[in-house]
Every structure is written in structure tokens, then in C-alpha cells.
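Thank you all for coming; I would like to walk you through one structure this morning, going slowly for anyone who has not met it before. Please have a look at it on the screen first.

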Amino acid sequence: MNAIPNPNAVFPNEYGTTCFLKNVVTAPNIFVGDYTYYDDPADPTGFEANNVLFNWPEFGDKLIIGKFCCIASGTQFLMGPANHRLCSATTYPFAVFGGAWAACAPPHLSQLPFKGDIVVGNDVWLGRNSVVLPGSRIGDGAIVAAHSVVSGVVEPYTLVGGNPARKIRRRFDEELTGLLLAARWWDADPEELLHWIPILCSPDLEALRAELRRKVSIQRPATK
């Protein structure tokens with residue numbers, strides 16, 4: 001019998017261009033779920049250094065990415081310290097250059113706008129060369145088109161694109177979206193997932209809807 005892919009492997013297949021990210025990130029403020037991968041023909045394991053920009057953990061923000069996400073080559077996450085001071089006449093960061101400038105300028109990090117964590121849900125596809133800005137939140141099942149810039153909230157199971165990224169369309173109707181969010185297939189154990197994969201990959205959305213209805217009803221039995 002074929003083995004289930006190991007979420008703790010760095011390179012899960014023979015191509016060597018795709019890595020499971022949770023096994024290569026080291027920063028204390030980056031959290032990545034099982035089976036989320038980054039694809040890059042040049043240096044997939046260099047994701048943290050090359051694709052998470054201006055990450056100074058002492059600033060206090062986090063990058064949180066869920067399970068089963070597809071992150072295409074060139075996708076970048078800009079962390080909070082990428083910003084400049086906006087509360088004064090100049091945005092110039094005098095303090096970072098040291099010397100007499102640092103002595104008379106306010107501490108750099110303390111004056112930067114804090115927009116919060118970047119949070120990416122589960123089963124999200126981030127297209128090639130997309131950029132995610134500080135404080136952005138991308139819902140489960142969302143798709144971000146290539147070369148888009150995300151700033152703000154992307155609703156679950158929506159397709160967005162452009163700069164700034166705007167909603168193009170919903171992927172599914174309200175009921176199917178709700179069923180997917182309730183079922184949370186990405187939390188299934190590996191053996192159970194084998195049952196789900198054929199229906200999740202099928203274009204027969206009505207069959208998926210029926211299976212999800214059954215699954216969700218089992219998870220939430222009727223009360224007396």
C-alpha cells in the first residue's frame with residue numbers, strides 16, 4: 001500500500017521544488033500548519049529569508065498560515081516593520097542609521113503603525129508573486145490571483161485579484177461554503193482524509209454537497 005505523505009518531510013516528493021513549510025521555518029513568530037507547501041524552482045527552503053520580509057519578532061506581530069495551503073513561487077509576506085512612521089512630518093527612519101541621529105530620534109519600532117498579525121486560513125491558494133501586507137486576514141478556501149496585493153480581509157472561499165486585491169467572485173454558493181467551513185476537512189486524521197480526497201477533488205459539487213450535509217449532520221446530532 002502506498003504510504004500517506006509525511007507532513008514532517010521537508011521535500012514531500014521527488015521534484016525537489018516543493019517543501020512543507022512548517023519544517024523549514026525557524027522564527028518564533030511564524031506558524032505554519034501541516035501540508036502547507038511553498039513551490040520555488042530556485043530555493044523553496046529559503047522561504048523564511050526570501051519571502052517573509054522585514055520580520056523582526058520583537059515588533060510583536062505574527063505570520064500564521066493554516067493547513068493545506070498552496071503558496072506559489074515569489075509570494076511575499078510583508079511584516080509590520082516594513083512600514084514607516086506616519087504620525088509625524090517625515091517618514092524617514094533616522095534612528096536606524098545610528099550615531100547622532102539615533103541619539104536624538106525616537107526609538108524606531110515604537111513609532112511604527114501596528115496593524116496586527118497576518119493570518120492565512122486553511123486550503124488557501126496564493127498565486128505567483130502575490131504580496132500580503134501587514135494585518136491582512138485571508139479566509140479558508142480563498143484564492144489570491146497571481147501578482148495581487150492583499151491588504152485587509154479576504155472572505156472564505158472567495159477569489160480576489162488586483163492591486164489592491166478586490167473580490168472577483170465567490171467560489172461557491174452560501175450553503176456549500178457554510179458546509180465546507182463546518183466540515184473542516186483539513187482537520188481530518190490522515191486515514192479519514194483518504195476517504196475525503198476523491199470527493200474533494202471531484203467537479204461534481206452536488207455530490208460534495210450531499211456528502212458534506214451527511215458529515216455535518218453526524219458532527220452535530222439533533223438535540224431533543
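Before any element is named, let me say that helices (H or I, at least four residues) and strands (E, at least two) are DSSP runs, numbered from the N terminus. With that in hand, Tyr157 can be placed in the loop between β14 (153-154) and β15.

A word on where all this comes from: this is a predicted model, in which local features need pLDDT of at least 70 and side-chain atom pairs count only at pLDDT 80 or more, while totals for chains, interfaces and linings use all residues. Residues are numbered from 1 along each chain as its sequence is written, and side-chain values use heavy atoms, with hydrogens and water left out.

Let me stay with Tyr157, which has a positive phi of about 55 degrees although it is not a glycine. Is Tyr157 buried or exposed? Taking buried as under 20% relative accessible area, exposed as over 50% and partly exposed as in between, with a 1.4 Å probe and protein chains only, Tyr157 counts as buried, at 2% relative accessibility. Phe54 likewise has a positive phi, of about 60 degrees, without being a glycine, and sits in the loop between β4 (52-53) and β5 (63-65), but Phe54 counts as partly exposed, at 46%. As background, most residues other than glycine have a negative phi, and most peptide bonds are trans. Here a cis peptide bond joins Asn163 and Pro164, with omega about -5 degrees, and Pro164 belongs to the loop between β15 (158-161) and β16.

Now to the sheet, where two strands pair if DSSP finds at least two bridges between them. An open sheet of 7 strands runs in the order β1-β3-β6-β9-β12-β15-β16, with mixed pairing; its edge strands, β1 (18-20) and β16 (166-170), each pair on one side only. The pairing of β1 with β3 (residues 37-39) is antiparallel, over 3 bridges, and Phe20 stands opposite Tyr37 in β3.

Phe20 also takes part in a cluster, linked by ring pairs, with Tyr35, Phe68, Trp185 and Trp186. By a ring pair I mean rings of Phe, Tyr and Trp (its six-membered ring) whose centres lie within 6.5 Å, with planes under 30 degrees apart counted as stacked, over 60 as edge-to-face and the rest as tilted. How many aromatic pairs does the structure hold? There are 13 of them, and one is the tilted pair of Tyr38 and Phe47, at 5.2 Å centre to centre with 55 degrees between the planes. Tyr38 counts as buried, at 0% relative accessibility, and Phe47 is buried at 0% as well.

Tyr38 appears again around Ser73, a residue in the loop between β6 (70-71) and β7 (76-78). Ser73 is buried, with a relative accessible area of 11%. Leaving aside neighbours within four places in sequence, its contacts include Tyr38, Pro41 and Arg128, where contact means heavy atoms within 4.5 Å. Ser73 and Pro41 are 32 residues apart in sequence, yet 7.8 Å apart in space, C-alpha to C-alpha.

I will finish with helix α4 (residues 190-200), in which Leu193, Trp196 and Ile199 are buried. Seen down the axis of α4, the buried residues fall within an arc of 115 degrees, so they line one face of the helix; the arc is that of the directions from the helix axis to the C-beta atoms. On the other side of α4, Glu191 and Pro198 are exposed.
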